Structure formats: structure tokens, C-alpha cells
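Please open the model in your viewer and keep the selection tool at hand, as this tour moves from one selection to the next and says what is found at each stop.

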Amino acid sequence: MATDSRIERARQRARTAKTAIGALALLVFGVAFVGAKAHAPGHAKGKAKPLGAPRSFERAVHRSVVQGGQIAPAVQPPPVASSTS
Amino acid sequence: MGCDVAVAGGDPDVVADVLERWESVFSLFRPESELCRVNRAEAQVAAVSPLFARALGVALDVAAETAGLVDPTLCGRWREIALAGRLLSRPPSLALDLNGVVKALAVDDAAGTLDAPGFVSVGGDLAVHGPVDVALPADGTVRVVSGGLATSGTASRGEHLVDAATGQPSESPWEQVTASGASCLAADVAAKASFLLGTRGPEWLDERGIAGRFVARDGMVVENDTWARSTREVPACT
């Protein structure tokens, strides 16, 4: 019986040790994961931005290219002429 | 720019400085211009100035918008050009010609310096600051209320507009096309594209709500629906 009790206590210690090692490993992995995400150069901290012109500029140009101007009947002798150059 | 310049409502010296800045970067007749240097470069990737990148970006947008009718390569290869910020990538042998947009961009830039109602006109392409009455090819006048007005065609420089699909001078039935735009750039692109589209030009402009006036080779004047609607005299109330 005494032998059984000693074996049972040993098993209990082994279980406790395994649980502690597992928890420690999980903690180390978590800390390393967060640390890598925050500091490693290969990990983007912010949202990626396109290298091209800002969207606002592209929108302004696009609008300008497709939009007509405003004209009306002339009312005075013209000071300037439009012609091919 | 080798064209007549007219200014009203602003300082002519300031306008001249703005135009000279564009000319010094984009002239194909000055070997030291940035455009000539880029065209001479043998590397596939080149760093360009912010002004160059801006103009090339606009030229590529215009090419996409006009399905390649106004093309900075003049040979239908504009899709081979990539621009990321100030880095330009293109096949080393592919020369750029930004004349399709640069003059109009310069006019818009110069018009931004006007401090009173007036206009900037370079070679007949103009941007206004306040309403301006303008004489048109083949005996006409129009009031440009806002934006710009431009004329493209063969009347002055001959067959200089190239059809990018064929690489040959255009065989458009029009001699001159005048278009109104929200800016001089918009007007110039509309005029060039509708000239190159030939008989489809008036309809192409109408689909975009752009007023266009076409002078045929025999002198006949055709106004698209948008132009006719905009310039119709409204009877005075009695």
C-alpha cells in the first residue's frame, strides 16, 4: 500500500510539473508573439498605404478629366480666341 | 512653349514663371529637360521629380479615360508604364511624349495665380477665372463661364495628332474641334479625343456632358447637343 501511495504521489507531482511547464510554455509563446508583432521589422504596425498619389488627388483629376465646363452665349466682343496651336 | 500667351487678371511675369517651370521640365526641344533625360536613360527604373510624376500620372489617367486615344507613348504602349510615387518604370526604349497634357496642365497651373477675373491662354487653349467671351474657329463666339476651352486639329500645325491605334497621323474628318471642360486639361483632352474619334466625336462628348464644336474640312460647323443646349439664347421675359 505504501508503495502504491508513493507511486500515486509521484504521478501527482509529475502531473503538476507537466501543467506548470505547459502554462509556462504558453506564457512564453504569448509574450514572444506580442513582442514580435510589436517590434519585429517584418511585421507591419499600421495599415499598408499605397505608394501612388493620394486618393484625393486621383479623384480630383478623374473628376476634372471627365467633366465638361460651363459655357453660354457670348455677350461682348471677345478679348481672346481659341484655336489650334 | 512656342505659342502665343495671353493673360488677363493676373501678373504676366508670374504666369511666365509658371509656364517656364513646366517648359524646363517637359520640353522635347531642350536636351537638358527632365523629359529628354528620362527618354535618354537606359535604366528601366528612374526617379523623377514631383512635377514630372504628377504630369505622368495625369497622362496615364487620361490614357485610361480615353481608352488610349490620348497616349503618352503615342504608340499604344501606355500600359507598360508604371508609376509608384516618384519611381517610374518602363521599357528603356519606350520614349514618352507628354505634350498631350502638359500644355493644358501648365495653363491650369498658371490660371491658379490669377488674382482677378480674367484668363490665361496659351496657343488658344485657355482657363478662365470668371466669365470670358472667346472667339471660335470658323466665325463663332462663346462665353466660357467657368473651367477651360481648348481647340485641337490640323489647321495650324498640320497632321500632328497621331492615332495611337495605327501610329499614323489621324485621318479625322474634322479640321478643328473645340471643347469645353471643367479645366483646360479637361477641355484639351476632350478636344483631342473627339477629334481622333472622327464622326463618333460629337456623341462621345455628349455621353460625358461635354460641349463640343466641330469644324469639318469643308468648313461646315457641327455643334453637339450639349454645346447647342448651352449656347441657345433664352428669350427675354416680357
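Why does the distance between the end C-alpha atoms of helix H5 (residues 184-196) of chain B agree with what its 13 residues should span? Select H5(B) in this predicted model, and mark its two end C-alpha atoms, which are 18 Å apart. At 1.5 Å a residue the helix should span 18 Å, so the two values agree. The expected span is 1.5 Å times one less than the number of residues, because that is how the span is defined.

Stay with H5(B) and show its surroundings: 13 of its 13 residues are buried, so the helix is largely enclosed by the rest of the structure. Just after H5(B) comes B:Gly198, whose phi is positive, near 70°.

Next, select the largest nonpolar core, which has 70 residues, and to which H5(B) gives the most, with 10 residues. The residues with the most contacts inside this core are B:Ala55, B:Val101, B:Val107, B:Val120 and B:Leu126. In soluble globular proteins, nonpolar side chains tend to be buried together.

Now colour chain B by its domain assignment, which gives domain 1 (7-100) and domain 2 (117-231). Both domains give residues to the core you have just selected, so this core lies between them. The centres of the two domains, taken over C-alpha atoms, are separated by 22 Å, and 16 residues of domain 1 of chain B are in contact with 15 residues of domain 2 of chain B. On the side of domain 1 that touches domain 2, strand S1 (5-8) and helix H1 (12-26) of chain B each supply at least two residues, and by class that side has 9 nonpolar, 6 polar and 1 charged residues.

Move on to strand S7 (residues 132-136) of chain B. Which of its side chains are buried, and which are not? B:Val132, B:Val134 and B:Leu136 point to one face and are buried, whereas B:Asp133 and B:Ala135 point to the other face and are not. This fits a general pattern: in a regular strand the side chains alternate between the two faces of the sheet.

Add strand S8 (residues 140-146) of chain B, which pairs with S7(B) in the antiparallel sense over 5 bridges, and look for B:Asp133, which stands opposite B:Arg143 in S8(B). The hairpin of these two strands has 3 residues between them, and B:Ala138 in this hairpin takes a positive phi near 60°.

Then bring chain A into view. Its secondary structure comes to 2 helices and 2 strands, which run α-α-β-β from the N terminus on, and of its 85 residues, 13% count as buried. Select strand S2 (residues 80-81) of chain A, which runs parallel to S7(B) and is joined to it by 2 bridges; here A:Val80 stands opposite B:Val134.

Return to B:Leu126, a residue of the core, and show what it touches: among its contacts are A:Val80 and A:Ser82 in chain A, as well as B:Val134 and B:Cys184 in chain B.

Finally, select the whole interface between the chains, where 57 residues of chain B are in contact with 26 residues of chain A. The side of chain B that touches chain A has, by class, 27 nonpolar, 22 polar and 8 charged residues.

Conventions
Residues numbered from 1 in each chain as written. Chains lettered and ligands numbered in written order. Predicted model: local features only at pLDDT ≥ 70, side-chain atom pairs only at ≥ 80, totals over all residues. Contact = placed C-beta atoms within 7 Å. Nonpolar A, V, L, I, M, F, W, Y, C, P; charged D, E, K, R; others polar. Pairing = 2+ DSSP bridges. Helix = DSSP H or I, 4+ residues; strand = E, 2+ residues; numbered from the N terminus. Domains from an automatic or database assignment. Buried ≥ 20, exposed ≤ 12 C-beta atoms within 10 Å, placed from the backbone. Core = buried A, V, L, I, M, F, W, Y, C linked by C-beta atoms within 7 Å. Lists of a residue's contacts leave out its neighbours within four places in sequence.
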